[in-house]
Amino acid sequence: MPYFDAASTAPLHPVARQALTAALDEGWADPARLYRDGRRARMLLDAARETAAEVLGARADEVSFTASGTQAVQLGVLGALAGNRRTGRHLVHSAVEHSSLLHAAEVHAAAGGEVTEVPVDRLGRVDASRLAAVLRPAAEHGAGRGTALACLQSANHEVGTVQPVAEAAELCAAAGVPLLVDAAQSAGRLPVPGGWSLLAASAHKWGGPAGVGVLAVRKGVRYASPLPADERERGRVPGFVNVPAVVAAAASLRAVRQEAEAENARLHALVERIRARVPQLVPDVEVVGDPVRRLPHVVTFSCLYVDGEVLLTELDRAGFAVSSGSSCTSSTLTPSHVLKAMGVLTEGNVRVSLPFGAEEADVERFLAVLPDAVAAVRAPLGLDAPPVTPPAAPPVESPAAAAAAAADPATGAPVPGAAVPGSAVMVVDTLGRRCPIPVIELAKRIGGVPVGGTVAVLSDDEAARLDIPAWCGMRGEEYAGEAPAARYGGDRGTAYLVVRRSG
């Protein structure tokens with residue numbers, strides 16, 4: 001089965017396998033002990049640390065090994081905040097950071113800290129100047145009221161967009177604010193940008209074994225472990241170090257970095273082929289993420305009218321392992337925070353991330369299989385059937401009520417293009433139904449109103465707030481805002497207003 005989910009975890013690199021096997025025999029002992037087996041394990045650990053530091057652009061004494069990339073991120077965030085508590089309790093991060101960082105931010109906020117989230121554009125990229133604008137230099141705001149830490153991923157894990165880390169690092173340095181960079185998706189594949197204060201990475205993303213993360217803290221950066229004291233790993237990470245796994249992680253990091261230039265060019269071309277051909281092969285698809293400043297091996301697209309989990313199952317039957325950021329693949333039934341922050345379609349989301357050595361023939365077969373897989377998921381939905389005209393919606397009680405329904409619920413101001421008194425309003429009730437049903441029902445029924453008429457889609461699914469406007473942008477209809485569902489006969493939820501513009 002072609003494995004196209006390397007952004008989740010990459011297959012074990014052959015070099016990692018060889019190094020792990022050898023280190024199991026040579027590096028099993030406690031590296032803190034002075035007897036021969038302990039000294040041998042310590043030599044292997046020190047060599048691995050030197051290797052990782054060289055590839056990541058750090059000093060060996062700045063690098064600590066953790067139990068995972070998640071632990072590296074969370075120790076980095078909480079440790080830097082603790083070390084800089086005299087500066088202040090303000091944390092800044094982008095809206096598309098990995099959930100491991102967001103959870104650390106939640107802990108900080110729950111403990112009384114302040115968190116500012118920096119938005120991204122539709123490509124998922126942070127504007128470094130916007131990040132700099134929310135920093136609070138202690139020199140200007142006073143001790144105790146400054147920004148203690150800023151965080152920015154090197155590249156996004158869902159859509160592959162590469163962030164302006166070097167520019168952000170320069171602006172953070174000018175403000176005297178340390179910058180933590182989550183390099184989980186780029187380490188080994190791309191050069192690590194300079195200027196960071198703390199760096200986190202994860203071995204299983206580059207083909208090392210799972211269970212090894214890296215936390216690097218620059219000399220001079222204030223850091224205080226948020227965990228009870230431990231003598232290992234410079235007091236940053238408690239617990240016994242898995243020396244064989246660390247050795248394998250370092251060996252594979254060096255190997256993939258040496259292979260990266262040639263392999264990146266090859267994978268970039270394959271991903272470019274997917275980006276170009278998927279919209280040609282499958283109707284109603286949105287390819288998301290930056291088309292230029294992106295990881296070489298990741299491409300993400302969203303398919304209208306498709307349940308993401310069902311589509312992934314269909315592709316699995318066809319022999320392809322891919323992943324999704326769709327709300328429908330989450331146990332919480334909430335949209336991906338990354339796609340939500342970008343303001344793009346969240347339904348039917350597919351992420352293809354090619355591992356090192358991915359075959360061109362497998363990519364071509366994926367492109368051949370995808371149209372039938374999407375069509376099979378869409379077929380039972382009846383989207384090719386004539387539009388259904390439901391019973392007439394309850395009339396708006398008065399011109400004033402109609403105007404209220406067409407108003408911005410927050411300000412009361414009229415929404416451009418929204419329904420006006422006397423216009424036709426078709427109500428489509430999808431309350432209690434999850435993605436992508438609200439958009440499917442909208443697509444099936446909008447033909448039942450005249451051009452200029454309005455459809456009010458009633459929904460209590462958070463994904464509808466993102467997907468209905470995205471659908472309008474893709475299909476040439478006009479999204480006219482939202483209003484309480486009660487104005488259109490609903491007992492809960494929101495009415496999403498769409499004006500028909502297509503002929």
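In this predicted model, strand 2 (residues 90–94) and strand 3 (residues 114–118) run parallel and are joined by five bridges. V92 faces T116 of strand 3 across this pairing. Helix 4 (residues 99–110) belongs to the same picture: with strand 2 and strand 3 it makes a right-handed β-α-β unit.

Strand 2 also pairs with strand 4 (residues 147–153). Four bridges join these two strands, and they run parallel. Here H90 stands opposite T147 of strand 4.

**The whole sheet**

These pairings sit in an open sheet of seven strands. The strand order is 1-7-6-5-4-2-3, and the pairing is mixed. Strand 1 (63–66) and strand 3 are the edges, each pairing on one side only. From one strand to the next, the twist averages 20°. Strands of a sheet pair through backbone hydrogen bonds, either parallel or antiparallel.

**Helices across the sheet**

Helix 2 (residues 36–56) lies across strand 1, strand 6 (198–202) and strand 7 (213–217). Its direction is at about 110° to strand 1. Helix 7 (residues 165–175) lies across strand 4 and strand 5 (179–182). Helix 7 runs at about 165° to strand 5.

**The cores**

Which residues touch the most other members of the largest nonpolar core? They are F65, L135 and W206, in a core of 57 residues. Helix 9 (residues 243–281) gives the most to this core, with 10 residues. Another core lies apart from it and has 29 residues, including C303, V306, L354 and V374.

F65 deserves a closer look. Beyond its neighbours within four places in sequence, F65 is in contact with L45, A48, R49, A52, V212, G213, V214, E233, V237 and V246.

**Two positive phi values**

Most residues other than glycine have a negative phi. E233, one of the contacts of F65, has a positive phi instead, near 45°. Y305 also has a positive value, near 65°. The table sets out both residues.

| Residue | Phi | Loop | Relative accessible area |
|---|---|---|---|
| E233 | near 45° | between strand 7 and helix 9 | 7% |
| Y305 | near 65° | between strand 9 (298–303) and helix 10 (308–317) | 4% |

Are these two residues buried or exposed? E233 is buried, because its relative accessible area of 7% falls under the 20% cut-off. Y305 counts as buried too, because its 4% relative accessibility is also under 20%.

Notes:
Residues numbered from 1 in each chain as written. Predicted model: local features only at pLDDT ≥ 70, side-chain atom pairs only at ≥ 80, totals over all residues. Heavy atoms only, no water. Pairing = 2+ DSSP bridges. Right-handed = clockwise from strand over helix to strand, strands pointing away. Axes fitted to C-alpha atoms, helices over the stretch in contact; angles between N-to-C directions. Contact = heavy atoms within 4.5 Å. Core = buried A, V, L, I, M, F, W, Y, C linked by side-chain atoms within 4.5 Å. Buried < 20%, exposed > 50% of the residue type's maximum accessible area, 1.4 Å probe, protein only.
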